[in-house]
Amino acid sequence: MSSAARVLHCHDASQKISYSQIARLSFFFNSQLAKIESFMLKPSQCRAARALLDWTQKDLAEKTSISAVSIRAFERGGEMRDSNLRLLTLTFEAAGITFQSEGEITDGGIGVRLRSQDRH
């Protein structure tokens with residue numbers, strides 16, 4: 001069977017997805033997931049993200065159900081569980097924050113930017 005003939009039929013008979021398209025999508029989603037999983041929020045990024053959103057530590061604590069004491073300790077260089085770091089990251093991203101790893105966008109260190117002018 002030729003690769004052109006190997007297609008999956010969706011519920012809508014007019015839409016067909018080839019195995020190569022599925023493979024490319026799978027690779028894309030897996031690479032994006034790996035990027036998310038490997039990213040670890042830094043204390044300076046947490047402070048910068050809050051500043052861009054004009055959030056206090058208390059605001060962030062209320063949005064995440066992580067105690068303000070834990071957030072304060074993390075921002076001063078303390079430890080935080082990976083699950084809480086992911087929660088903070090997802091909360092910031094949902095509010096419009098984009099995190100940049102070292103050298104990812106431009107030469108230099110880590111960064112934070114606001115995706116839109118809307119403040120949540």
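Gln57 sits in helix 3. In this predicted model, Gln57 is buried, because its relative accessible area of 18% falls under the 20% cut-off. Its side chain makes polar contacts with Arg72 and Glu75. The chain around Gln57 has five helices and four strands.

**Gln57 and its partners**
- The side chains of Gln57 and Glu75 are joined by a polar contact of 2.7 Å.
- A polar contact of 3.3 Å links the side chain of Gln57 to that of Arg72.
- Beyond its neighbours within four places in sequence, Gln57 touches Arg50, Ala68, Ile71, Arg72 and Glu75.
- Of these contacts, Ile71 and Glu75 are listed among the buried residues of helix 4.

**Helix 3**
- Helix 3 spans residues 57–64.
- Its buried residues are Gln57, Leu60, Ala61 and Thr64.
- Seen down the axis of helix 3, these residues fall within an arc of 100 degrees, so they line one face of the helix.
- That buried set packs against helix 2, helix 4 and helix 5.
- Lys58 and Glu62 are exposed, on the face of helix 3 turned away from the buried side.
- Ser65 follows helix 3, with a positive phi near 65 degrees.

**Helix 4**
- Helix 4 covers residues 68–75.
- Ile71, Phe74 and Glu75 are the buried residues of helix 4.
- Viewed along the axis of helix 4, the buried residues lie within an arc of 95 degrees, so they line one face of the helix.
- Their cover includes helix 2 (43–53), helix 3 (57–64) and helix 5 (82–94).
- After helix 4 comes Gly77, with a positive phi near 105 degrees.

**Loops with positive phi**
- Asp54 lies in the loop between helix 2 and helix 3.
- Phi of Asp54 is positive, near 60 degrees, although the residue is not a glycine.
- Asp54 counts as exposed because its relative accessibility of 59% is over the 50% cut-off.
- Ser65 belongs to the loop between helix 3 and helix 4.
- Ser65 is likewise a residue other than glycine with a positive phi, about 65 degrees.
- At 72% relative accessible area, Ser65 is exposed.

**Surface patch**
- Ile17, Tyr19 and Ile22 form a nonpolar patch on the surface.
- Together these three residues have about 240 Å² of accessible area.
- Ile22 is located in helix 1, which runs over residues 19–38.
- Ile22 is partly exposed, because its relative accessible area of 32% lies between the 20% and 50% cut-offs.

**Whole chain**
- Along the sequence, the elements follow the pattern β-β-α-α-α-α-α-β-β.
- The protein chain has 120 residues, of which 26% are buried.
- Among contacts with a separation of 6 or more, 47% join residues 24 or more positions apart.
- The chain exposes about 8,300 Å².
- Carbon and sulfur atoms supply 53% of that exposed area.

Methods. Residues are numbered from 1 along each chain as its sequence is written. This is a predicted model: local features need pLDDT of at least 70, side-chain atom pairs count only at pLDDT 80 or more; totals for chains, interfaces and linings use all residues. Side-chain values use heavy atoms; hydrogens and water are left out. Patches are made of residues with over 30% relative accessible area and no salt bridge: like charges are joined within 9 Å, nonpolar side chains (Val, Leu, Ile, Met, Phe, Trp, Tyr) within 5 Å. Accessible areas come from the Shrake-Rupley method with a 1.4 Å probe; for residues, only the protein chains shown count as cover. A salt bridge is a side-chain nitrogen of Lys or Arg within 4 Å of a carboxyl oxygen of Asp or Glu. Helices (H or I, at least four residues) and strands (E, at least two) are DSSP runs, numbered from the N terminus. Buried means under 20% relative accessible area, exposed over 50%, partly exposed in between (1.4 Å probe, protein chains only). The arc is that of the directions from the helix axis to the C-beta atoms. Contact means heavy atoms within 4.5 Å. A polar contact is a pair of N or O atoms within 3.5 Å; within protein, one must be able to donate a hydrogen and the other to accept it, and residues adjacent in sequence count only if both atoms are side-chain atoms.
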